[in-house]
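Me: Could you take a close look at one chain of this model? Please begin with how its domains are arranged, then go through its local features and its contact with the partner chain.

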Amino acid sequence: MNKFLTLIRRDMADNRGALVITPIVIAAILLTVTLFATLTGNARFGFDPEDFAAAKQHRGEHGQMIIDAENGPATVKRGLDGKITITSPDGETKTLDQAIDPKTKAGLEAILPVGTAAAAVLPLAIALISILFVLAGALHDERKDRTILFWKSMPVSDLQTTSAKLVSIVGVGLFFALAVTIVLHVAITGLAVATLGNVGITGISAATVFLNAIKLWSVLAVGLLIYVGWALPVYGWVTMVSAWAPKMPFVAAFAPLFVVPLVYMAIAYRGDDNDTILNALWEPAGRLIGEPMTNGMSRIIEPSNDHIPAIPVTEMLGQLSNSLAQPGFWIGLAVAGGFIYAASEIRRRRAL
Amino acid sequence: MTEVLISAKGLAKNYGKKQALKPTNLEIPAGRIVGVIGANGAGKSTLLNCLLGLSDYEGDLQVMGMNPLMQRAALMEQVCFIADVATLPRWAKVADLLDWVAGLHPKFDQAKAIARLKTTTVQLDSKIKALSKGMIVQVHLAIALAIDARILVLDEPTLGLDIVNRRGFYDAILSDFFDETRTVIITTHQVDEVEPILSHAIFIRDGAVTLDASMDVVTERFLAVDVLDNQKAEAEALRPLYGRSLLGRTTYVFDGVAPEQLKTFGEPRRVGLADLFVALAQ
């Protein structure tokens, strides 16, 4: 076990740029952009710090804007206390807080973390792509730079080495990106909640927002685990090609997965949606985009009995778990095992 | 009886139609320093790769009683090898590399490696890519010498190094690794440099072993003598392996001819491995 952990530490150090630095940099950029957008969003809405300062000093009318409401122009204004008021065309003035009913606020508590998650998931989405490149080079690059001769002088089996590369790149790499995504989500959601408070919307419970965020994370973590299971045969294939390919392992691994079905479509496809050959040829690509596990997962938010939107965690986890009942999942795992073993055998029999 | 560490019977390796190593029989006991000598592409590295389980092969091969191809991981607890100076991961820091080797090799003494590196100019927090060739060899050597192995295999270990580093390298092997229970196998082009430390020589030519003998046997069996032009016919009657004319004299190399017979031409002398290699290549 100590050897396996050492191999993982080594592989993480080897691929630090792609697996560790990249998600952190993407998260940092996103957070900076969000922070910037939060501040400049105020400006676009007529509430930039300069305008607000002007309003505070009773100089001019910069801290307000006119929007088109259903029955005429309404004036949206930021008061001296920073809170927003809306004056309707009939002259009635309400605070923004008064303009939003409690049910909508409750809905916001569910929708807000989903909206921020859509942005925060970017590091993970990019990690899903970047690990394919890292994996394609995993067993190829050590032959290319001849370091395989050093690592093979260590008493470690080829199967251990190959498995450790897969675990470190796919497992640790993806779940580190998930951790970064969660931290980013906390930050962006926190910013959003603070912004709501800042413009005077009360009654939004940060605790409820973050509880809903935690629900999303649990779905994301379980979903990622199941996704890795579905995509494992593709990862195994890429690892095997990496062990074998004399050059350009990424092209060698992915060209057959996309070129063959495209060629088939060009030559033999007659528009039949149930073309079993074509479906089989697209199967690896489908697994990579998580198609088998996301069927029926379109509803992330649904109204509860009292018509307040909610995140149905149990149902979502149930739907994800149901995909494990498909024979294709377990057949895929067996195929993945075959590819991983083949990769280790290729590595065992050829040093360079 | 001396323990045999490496035993090969009919060991061969083909790359497609090319026979890189022709069927070879070998027995290498403990307590030897073996030089594997041959031209580029002769099959030296192929032989070492087979011994180290780095490539598949035909025939029977036992290293430390193990099948190298099937039991490489277990074998590497007993065998240490340095392929050449360019095999350490350039992206790694020296200290990290030592940590990983400590985690991977149960017979690695990390403190010993660090102590050795502290006597050099290598900084532990340096990256390998920031080190000179000589420093990289120091790191590799520190790792290899801190592993309690029975067999040390060196495949052109000093390629590209200057004379000072080359000599220091072999001195360290002799003083810090070699003893009667261990064996060192070296392939190198710099035959003259390793010759003084070798106890055994294996010549390979076109994938075939042309000589497999201890240095004592080489010294007894092969003799060279300078012959004047008027004695050439007489000397050639003794069927020398090789003759080289230079400055009015011809140097002949003989195999298995008694020194007394050769004394009629001049004082017979020991043949250097480089000359012997050329002689056997004729």
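Reply: The domain bounds used here come from an automatic or database domain assignment. The model is a predicted one. The chain described is chain B, whose assignment gives domain 1, residues 4-217, and domain 2, residues 221-280. Taken as C-alpha centres, domain 1 of chain B and domain 2 of chain B are 34 Å apart. Where these two domains touch, domain 1 of chain B contributes 9 residues and domain 2 of chain B contributes 6 residues. On the domain 1 side, the elements giving two or more residues are helix H7 (191-194), strand S8 (200-205) and strand S9 (208-214) of chain B. By class, that side of domain 1 of chain B has 6 nonpolar, 1 polar and 2 charged residues.

The chain as a whole comes next. Chain B has 11 helices and 13 strands. Its C-alpha trace spans about 70 × 40 × 40 Å along the principal axes. Of the 282 residues in chain B, 43% are buried. When contacts in chain B with a separation of 6 or more are taken, 67% of them are between residues 24 or more positions apart.

Helix H1 of chain B, residues 44-51, is a buried element. All 8 of its 8 residues are buried, so the helix is largely enclosed by the rest of the structure. They are Lys44(B), Ser45(B), Thr46(B), Leu47(B), Leu48(B), Asn49(B), Cys50(B) and Leu51(B). After H1(B) comes Gly53(B), which has a positive phi near 70 degrees.

Two arginines sit in loops of chain B. Arg90(B) is in the loop between strand S5 (79-82) and H3 of chain B. With 14 other C-beta atoms within 10 Å, Arg90(B) is partly exposed; the buried class would need 20 or more. Leaving aside residues up to four places away in sequence, Arg90(B) touches Ile128(B) and Lys129(B). From Arg90(B) to Leu262(B), 172 residues apart along the chain, the C-alpha separation is 55 Å.

Arg239(B) is in the loop between helix H9 (232-236) and strand S11 (242-246) of chain B. With 11 other C-beta atoms within 10 Å, Arg239(B) is exposed, as the cut-off for that class is 12 or fewer. Most residues other than glycine have a negative phi. Arg239(B) is not a glycine, yet its phi is positive, at about 55 degrees.

The contact with the partner chain involves 23 residues of chain B and 20 residues of chain A. On the chain A side, H1 and helix H8 (148-151) of chain A are the elements that give two or more residues. H1(A) supplies the largest share of that side, 7 residues. By class, the side of chain A that touches chain B has 7 nonpolar, 5 polar and 8 charged residues.

One helix pair in this contact can be described in detail. Two packed helices are described by the angle between their axes and the distance between the axes. Here helix H1 of chain A, residues 2-14, and helix H3 of chain B, residues 94-104, have axes that come within 8 Å and cross at roughly 155 degrees. Angles over 145 degrees count as roughly antiparallel, and H1(A) and H3(B) are therefore roughly antiparallel to each other. The crossing of H1(A) past H3(B) is left-handed. From H1(A), the residues that make the contact are Asn2(A), Lys3(A), Thr6(A), Arg9(A), Arg10(A) and Ala13(A). From H3(B), they are Asp96(B), Trp100(B), Gly103(B) and Leu104(B). Sorted by class, this helix contact has 3 nonpolar, 3 polar and 4 charged residues. H3(B) also ends the loop that holds Arg90(B), which runs between S5(B) and H3(B).

H8 of chain A borders a loop too: Arg146(A) lies between helix H7 (141-144) and H8 of chain A. Arg146(A) is not a glycine but has a positive phi of about 65 degrees. It is partly exposed, with 16 other C-beta atoms within 10 Å.

For background on the partner, chain A has 15 helices and 6 strands. Buried residues are 34% of the 352 residues in chain A. Of the contacts in chain A between residues at least 6 apart in sequence, 74% join residues at least 24 apart.

Terms used. Residues numbered from 1 in each chain as written. Chains lettered and ligands numbered in written order. Predicted model: local features only at pLDDT ≥ 70, side-chain atom pairs only at ≥ 80, totals over all residues. Axes fitted to C-alpha atoms, helices over the stretch in contact; angles between N-to-C directions. Helix = DSSP H or I, 4+ residues; strand = E, 2+ residues; numbered from the N terminus. Parallel < 35°, antiparallel > 145°, perpendicular 65-115°, else oblique. Left-handed = near helix turned anticlockwise from the far one by under 90°. Contact = placed C-beta atoms within 7 Å. Nonpolar A, V, L, I, M, F, W, Y, C, P; charged D, E, K, R; others polar.
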